[in-house]
Amino acid sequence: MKISDWLDEKKAENVDVSQIVLPKDMSFDEAPDETIYFKEIKPCGLLCTENHPFSTVERFGHWYYSRGQDKKAGIHSLKMMWRLFTKDKDIALQTAKAHIE
């Protein structure tokens, strides 16, 4: 089942899908239709393999998945991860940019 179809089903069941966690098998089985936005704060260089604040917006069918790690978490942190599913592209982009700027 596609992510967009699964989200539509959950929405039809009156589930708040804005903060829903995808089943692990689903999140690894489907690549996004497109990545609309990506920004990462990585001042320590390209070769660093630690965690860095980032924001991304990916489109799955008619759903936008905005996710990342808030800039306020700092470099090499595991805290302040966030996500948002929405059908509104502008809200997805505004949310992603607000968390990284």
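The legends below describe four close-up views of a predicted model.

**View 1. Helix H1 and its buried face.** Helix H1 covers residues 3-12, and within this helix the residues Ile 3, Ser 4, Trp 6 and Leu 7 are buried. When one looks down the axis of H1, these buried residues fall within an arc of 160°, so they line one face of the helix. The elements against which the buried residues of H1 pack are helix H2 (24-29) together with three strands, namely E2 (54-60), E3 (63-69) and E4 (81-86). After H1 comes Asn 14, a residue whose phi is positive, near 65°.

**View 2. The largest nonpolar core.** Eleven residues make up the largest nonpolar core, and they are Ile 3, Trp 6, Leu 7, Val 17, Ile 20, Leu 22, Met 26, Phe 60, Trp 63, Tyr 65 and Phe 85. Two elements, H1 and E3, give two or more residues to this core, and the largest share, three residues, comes from H1. One member to follow in this view is Leu 22, which is in contact with Ile 3, Trp 6, Ser 27 and Phe 85 when its neighbours within four places in sequence are left aside. Apart from this core there is a second, separate core of eight residues, and among them are Tyr 37, Val 57, Ala 96 and Ile 100.

**View 3. A stacked pair of aromatic rings.** Three aromatic pairs are found when the whole structure is searched. In the pair formed by Tyr 65 and Phe 85, the ring centres are 4.2 Å apart and the ring planes are at 0°, so the pair is stacked. This pair links distant parts of the chain, since Tyr 65 lies in strand E3 and Phe 85 in strand E4, 20 residues apart. Residues count as buried under 20% relative accessible area, and therefore Tyr 65, at 14% relative accessibility, is buried, as is Phe 85, at 3% relative accessibility. Together with Phe 60, the residues Tyr 65 and Phe 85 form one aromatic cluster.

**View 4. The surroundings of Tyr 65.** With residues up to four places away in sequence not counted, Tyr 65, which is found in strand E3, touches Thr 56, Val 57, Glu 58, Phe 60, Arg 83, Leu 84 and Phe 85. The view may also be used to locate Gln 19, which is 46 residues apart from Tyr 65 in sequence, while the two lie 9.9 Å apart in space, C-alpha to C-alpha.

Key
Residues are numbered from 1 along each chain as its sequence is written. This is a predicted model: local features need pLDDT of at least 70, side-chain atom pairs count only at pLDDT 80 or more; totals for chains, interfaces and linings use all residues. Side-chain values use heavy atoms; hydrogens and water are left out. Buried means under 20% relative accessible area, exposed over 50%, partly exposed in between (1.4 Å probe, protein chains only). The arc is that of the directions from the helix axis to the C-beta atoms. Contact means heavy atoms within 4.5 Å. A nonpolar core is a set of buried Ala, Val, Leu, Ile, Met, Phe, Trp, Tyr and Cys residues joined through side-chain atoms within 4.5 Å. Rings of Phe, Tyr and Trp (its six-membered ring) pair if their centres lie within 6.5 Å; planes under 30 degrees apart count as stacked, over 60 as edge-to-face and the rest as tilted.
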